[in-house]
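Take a moment with the chain below before reading on. We will walk through it one stop at a time.

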Amino acid sequence: MTGRRELWEVTRFSGRRRGFEPQCDCYRTDEPPALHLLLELPGIDPGAVRIVAFGTTLVVSGVRERPHPAGARYQQVEIEYGPFERRVELADDVDAEQATATYEAGMLRVEVPLR
């Protein structure tokens with residue numbers, strides 16, 4: 001064996017794939033008093049993203065579509081595509097009704113005011 005592993009031998013890439021889980025940072029600020037979420041969503045059409053708050057849970061979901069270039073024969077496949085869903089538990093002191101979201105350069109920013 002040469003020490004080189006084929007893609008289908010790597011655990012992360014073998015078996016059934018179910019999409020991906022975007023990375024998320026969550027922090028609070030005093031001025032303005034708010035909870036901020038920052039999610040990495042590169043290559044995703046903003047129209048394919050859904051943000052829903054219910055109770056104390058914020059759910060960000062959507063799909064990142066795999067491009068299908070004509071005549072392409074993939075040599076390596078590492079980028080995760082497909083549906084995603086990220087759930088973030090919120091504290092009781094947020095006002096989810098007043099939340100705002102912006103999407104720029106592949107980053108989704110959600111600001112949820114504190115009561």
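A residue counts as buried when its relative accessible area is under 20%, as exposed when that area is over 50%, and as partly exposed in between. Keep those cut-offs in mind. The model is predicted.

Start with the whole chain. It holds 7 strands and 0 helices. From the N terminus on, the elements run β-β-β-β-β-β-β. Of the 115 residues, 28% are buried. The accessible surface comes to about 8,400 Å², and 48% of that belongs to carbon and sulfur atoms. Now look at contacts with a separation of 6 or more. Residues 24 or more positions apart account for 53% of them.

Go next to Leu 114, in the segment after β7. Is Leu 114 buried or exposed? Its relative accessible area is 19%, which is under 20%, so Leu 114 is buried. What is Leu 114 in contact with, leaving aside its neighbours within four places in sequence? The list is Arg 28, Thr 29, Pro 33, Ala 34, Leu 35, Asp 93 and Val 94. Take Ala 34 from that list. Ala 34 and Leu 114 are 80 residues apart along the chain, yet their C-alpha atoms are separated by 4.9 Å.

Two other contacts of Leu 114, Arg 28 and Asp 93, also meet each other. Their side chains form a salt bridge, at 3.0 Å from N to O. This pair links distant parts of the chain: Arg 28 is in strand β1, Asp 93 is in the loop between β5 (82-89) and β6, and their positions lie 65 residues apart. Arg 28 is partly exposed, at 43% relative accessible area. Asp 93 is partly exposed too, at 31%.

How many salt bridges does a search of the whole structure find? The search finds 2. Arg 87 and Glu 85 make one of them, again with 3.0 Å from N to O. Arg 87 has a relative accessible area of 46%, so it is partly exposed. Glu 85, at 42%, is partly exposed as well.

Finish with the backbone. Most residues other than glycine have a negative phi, and most peptide bonds are trans. Two places here depart from that pattern. A cis peptide bond joins Glu 31 and Pro 32, with omega about -5 degrees. Pro 32 sits in the loop between β1 (24-29) and β2 (34-40). Ala 105 has a positive phi, near 50 degrees. Its place is in the loop between β6 (100-104) and β7 (107-113). Ala 105 has a relative accessible area of 77%, so it is exposed.

Conventions
Residues numbered from 1 in each chain as written. Predicted model: local features only at pLDDT ≥ 70, side-chain atom pairs only at ≥ 80, totals over all residues. Heavy atoms only, no water. Helix = DSSP H or I, 4+ residues; strand = E, 2+ residues; numbered from the N terminus. Buried < 20%, exposed > 50% of the residue type's maximum accessible area, 1.4 Å probe, protein only. Contact = heavy atoms within 4.5 Å. Areas by Shrake-Rupley, 256 points an atom, 1.4 Å probe, with all protein chains shown as cover. Salt bridge = Lys/Arg side-chain N within 4 Å of Asp/Glu carboxyl O.
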